[in-house]
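User: Hi! Can you teach me how to read the empty spaces inside a protein?

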Amino acid sequence: MTEKHGNLSIDSDNLFPIIKKWLYSDHDIFYRELISNGCDAITKLKKLDMMGEYSLPADYKGKIQVLVNPDEKTIKIIDNGLGMTADEVEEYISRIAFSGATDFIEKYKDKSNDDQIIGHFGLGFYSAFMVADEVTIDTLSYKEGSTPVHWSCDGGTEYNMEDGDMDDVGTEITLYLNDDCLEFANEYRAREVIEKYCSFMPTEIYLAKENAPEEYETIDKADKRDTDTVIEEIHEDAKYEEKENDKGEKEQVEVSPAKDQLKIVKRPVPLNDTTPLWTKSPNECTDEEYKEFYRKVFLDYKEPLFWIHLNMDYPFNLKGILYFPKIRNNFEIQKNKIQLYSNQVYVTDQVEGIVPEYLTLLHGVIDSPDIPLNVSRSYLQSDSNVKKISNYITRKVADRLQELFTTMRADYEQKWDDLKIFIEYGIITDEKFAEKAESFMLWKTTEGKYFTAEEYKEVVKGNQTDKNGTVVFLYVDDPVEKNSFLESAKAKGYDVLVMDGQLDNHYVNWYESKHKDARFVRVDSDVIDKLIQKDETLKMSLSEAQQEIMRPVFESQMPKDEKIHYNISFEAMAADAAPVVITQNEFMRRMKEMAAISSGGMSQFYSQMPDNFTIAVNGNNPIVIDILADVEKSYGDKLKTITKKIDAAVAEERRFDEVVKGKKEEELTPEEKSTREELSKKIVTLRDERDTRLREIGGENKLVKQIIDLALLSNGLLKGKNLTEFIQRSISLIEK
């Protein structure tokens, strides 16, 4: 062939993909692209042999060799595939973005199944120029009479092509690395990258350091174990050393006996598994193989809960294995554990466009040539096949869960605490999955029993239906920390669920939106008699006037915390119930907790709000009644006097309001406005005077502080210095 120089021809129809080529996010991707091309070349040659258009040698074994040479700053990628003629190099290499695989498929579309052709992207070869200043190709076509070709290019638009000197059919690509990318000629770095992208490619891949000394070992000829190729027999004579014996005489002592040995070459081991588990039929795989594959790929030595083997040929091609791992609540850390492959070539672990969002919590592999990818194989495009695949995966997962629930319920319940987060995530993010999941979503009680929603509703509706006909599902997030609230609920005969998961608030909101006749209430969201409101109500011993007196007394001992807001309420509870109970509003607490794992919009609004707790004072508890008596005694007769003045001023204000009733603001005379202002000011002044004194009395009352601290302690809100003071105060009260 006459030496040829020329300019690279750019197919204008593919100009945009060429530009996109420079957007490869990771430079190490070139290893995948070039090795993939080699796999294609070998696959094509085998297909030609199958179709009778070429005869492979009986001992033919397709393989790819990667030779790194850090001294020469080069990488060679060699395949024994079908090679190229000069015309094909001109067409497939010099004419950028004309895909050889696409052309091959078109030519043989009626003769072969094209699913195993990887390289249909057109620009894989040019990824080499991301790391190399110069690239050469040496190739010899399988076609009879072909001449070897040598092609070279320094990354510009000019190239050189001439006769080469290859003797064997195949292709050898040499990369002359630029100084910024010398790391890729390091054997360990190369191994790392190849194992990342090529661990399951269908052709064996071997890595070696070019011109490295031959690796071998010697073994005794008597060793009967299977060995590699014997290259030499070695006889080693016995060795002696002169040593002194016990008598002080010198003699020759044998220190190394004579040996007959074999010098053997170490058998090279491919870096990849050419027949990964997902390529096999499910009935060919054992449980142990599934578990071993899981350990190997995901380095997780906790056994998965179970797995789903995907094997679909029509209307799209999809194979894979999805594992349900034991991840509990730290699911954010565990995302992106599903790997996407295209004909065993690693593409990405960002699969949100293919796998429904909730299934990104799973671990596994998906392999499909029907998922469209851009030039870098990392951007998933909108496509009807993708939607079909997503729906198929959702259906397979739901069917598998339903099968386990129906046929192995006891085992399913044992695994529920680990499964729950998957199911809840699916319900709140995928409506189709939610429809199926209601039948196998379980609720767990504090007694350790499991029910579906419908089963549980039947269990509790008799005792836990409020006066409006709504079934109330009581729950606790921490049975130990909220034990006092839990026991109060049990004492009323109520059943309580355990809702301690990260997504429980989102789930209960979803459930309530679908079932208007039911609601969830956490046991610490209100006093026990208000959790499920019945027609009958308790009366409170404290009158409204007495509550006004007690409010500033308790306000004087309110906890001070910038991040928490406390307010006081007086509630009618059983006399033997705690004197003070701290509750947290159900709605506001849910919003804040959901905001903690969400972002933007109203979530940000709720996340910035302080926590709100209510200090509910039991108006029927004897201790509270005794505190009132102590306060009235400490204040003395002046309390009655000032209270009468307040009552008189309030009565006078009411009489005045009756006089001006019906008048608009602009119709009031100056005298009337002045009178109204004076009356209001008088009431405020009198109340401030009384409340100031009541706060002084309350601040000196250790019992008030004690019962508030007890309530804080039961909620885990008493810490640090306040906890120390509580302990010291408790001791002093006991000593009295």
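Analyst: Sure, let's start with the whole chain. The protein chain has 23 helices and 28 strands; these are DSSP runs numbered from the N terminus, with helices (H or I) of at least four residues and strands (E) of at least two. This is a predicted model, where local features need pLDDT of at least 70, side-chain atom pairs count only at pLDDT 80 or more, and totals for chains, interfaces and linings use all residues. Residues are numbered from 1 along each chain as its sequence is written, and side-chain values use heavy atoms, with hydrogens and water left out.

User: So how do I find empty space?

Analyst: Rolling a probe the size of a water molecule over the atoms shows where empty space is left. A cavity is a set of points, on a 1 Å grid over the protein atoms alone, where a 1.4 Å probe fits but cannot get out.

User: How many cavities of 30 Å³ or more are there?

Analyst: Three. The largest has a volume of about 50 Å³, volume being the space filled by probe spheres set on the points, which are joined across faces, edges and corners.

User: Which residues line the largest cavity?

Analyst: Lining residues have an atom within 4 Å of a point. Here they are Gln-584, Asn-585, Met-588, Arg-589, Lys-592, Pro-610, Asp-611 and Asn-612.

User: Which helix or strand supplies the largest share of that lining?

Analyst: Helix H17, with three residues. H17 spans 586-595, and strand E28 (611-618) also gives at least two.

Terms used:
1 Å grid on protein atoms, 1.4 Å probe; cavity = no way out; pocket = protein on both sides within 12 Å on 5 of 7 lines; lining within 4 Å.
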